[in-house]
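Student: I'd like a close look at a single part of this structure, please, with the cut-offs spelled out along the way. Pick a spot and lead on from there.

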Amino acid sequence: MSKILAIETSCDETGAAVYDTDKGIISNALFSQIDLHKKYGGVVPEIASRSHLEKINLIIQKALDHAKLKLDDIETIAVVNNPGLPGSLLVGVCFAKALAACKNKKIIGINHLEAHIFSACLENSIPFPFLCLTASGGHTAIYLVKDWGIYTCVVPAIDDAAGEAFDKVAKLIDLPYPGGPEIEKLSTSVNYEDFFKYPRSKSKALNFSFSGLKTAVLYDLAKRGAYDLKNKNFLKKDDQLFKAQVASSLLNAIADIFVNKLEQTYKKYPEVKAITFVGGVACNKFIRNKIETFCKKINLNFFFPSPQYCTDNAAMAAFVANYKAQQNKFDDLTLDIL
Ligand code: KG4
Ligand code: ZN
């Protein structure tokens, strides 16, 4: 029986989790910086790294306390070392290396995207190979996942991520950051109807592109007299119904783009046995339902993590660290951010 302490500081969440090789995840502590960044409408890197530094001891202690363990009970320290905000990653990596050096622990660097890719496996037994749609603030892609740690990106994003499209359109129509949950809330109030039918890319290319969608929404707002392009000013700040209509139309467009790309990808890889949907955007029930309906149509099982494992967290990093440890893939104290 061995225990892994994982640390996540790649963006704006300070996370620590403990994985027990017999019991699985036994604690998962998190401090979210959302309130610190809200007034800037997005993550401010300098504020993020300072906040990680402030909270990291506390969060690690919390994870150990919840697991009823002391640092001496931990055999391996895992830490997310790429990709992410450099200043934020450095806080976690320096802390992990100091712990490993002082307490003579093994150390493993974890890729944040790999952690997202396997996050649906935390609570489900998923057959390989499967397709994983990952959608968050920084990344959107479909991966072909063949085994533990063996995966290929088969549909990359060529510009903005889907979460970014939610966040940027939300900002355009004067909704708070992060935009995704706000867009979902407003869409519910108008029954998820597709009012404005924003364009869906007809491209057969296996990639994602969301910057065009954001621009299309902007020009559609201007056409409807809701946006002053010259002064960059949204003119219907108090029109809740209109904002809900924009939100719901955007949600429909993004859901359709996802299903469409999954359909194209499945045609190319018909050997897959399941589809998973992970990352912050996978909290969205409407999109999940659309993908689930598609999966039923093609007779594939569909999996997604529970919300605490969709948005950034250290549990998914601890899970990856466990199979890496089993494969004897450890790092050493030269570990750096990438
Ligand atoms: O995975 P995550 O916590 O952080 C990154 O690695 O980026 O994802 C955050 C993103 C944000 O863009 C946020 O707007 C989006 O996930 N998000 C949602 C929902 N909840 C969070 N998007 C759509 N619907 C949601 N319910
Ligand atoms: Zn993430």
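Tutor: Happy to! Helices (H or I, at least four residues) and strands (E, at least two) are DSSP runs, numbered from the N terminus. With those labels, our spot is the loop between α5 (162-172) and α6 (179-189), where Pro178 is found. Keep in mind that this is a predicted model, in which local features need pLDDT of at least 70 and side-chain atom pairs count only at pLDDT 80 or more, while totals for chains, interfaces and linings use all residues. Residues are numbered from 1 along each chain as its sequence is written, chains are lettered from A and ligands numbered from 1 in the order in which they are written, and side-chain values use heavy atoms, with hydrogens and water left out.

Tyr177 and Pro178 are joined by a cis peptide bond, with omega about -5°. Most residues other than glycine have a negative phi, and most peptide bonds are trans. A cis bond also runs from Phe128 to Pro129, with omega near -10°; Pro129 sits in the loop between α4 (112-117) and β6 (130-135). Past α6, in the loop that leads to α7 (211-223), Tyr192 has a positive phi of about 55° although it is not a glycine.

The ligand brings us back to α6. Ligand 1 has 20 residues around it (a heavy atom within 4 Å), and those that come nearest are Gly137, Asp167, Gly180, Glu184 and Asn284. Three polar contacts (pairs of N or O atoms within 3.5 Å; within protein, one must be able to donate a hydrogen and the other to accept it, and residues adjacent in sequence count only if both atoms are side-chain atoms) can be followed here. A backbone N or O atom of Gly137 is 2.8 Å from a ligand 1 oxygen, and a side-chain N or O atom of Asp167 also lies 2.8 Å from an oxygen of ligand 1. For Asp312, a polar side-chain atom is 3.1 Å from a ligand 1 oxygen.

Now step back to the domains, whose bounds come from an automatic or database assignment: domain 1 covers 3-118 + 312-326 and domain 2 covers 126-304. Their centres, taken over C-alpha atoms, are 28 Å apart. In contact (heavy atoms within 4.5 Å) are 16 residues from domain 1 and 18 from domain 2. The two bury about 1400 Å² between them, 73% of it on carbon and sulfur atoms; this is accessible area (1.4 Å probe) lost on being put together, summed over both. His116, Ile117 and Phe118 supply 42% of the area that domain 1 buries there, more than any other three residues. Two residue pairs are in polar contact between the domains (both at pLDDT 80 or more).
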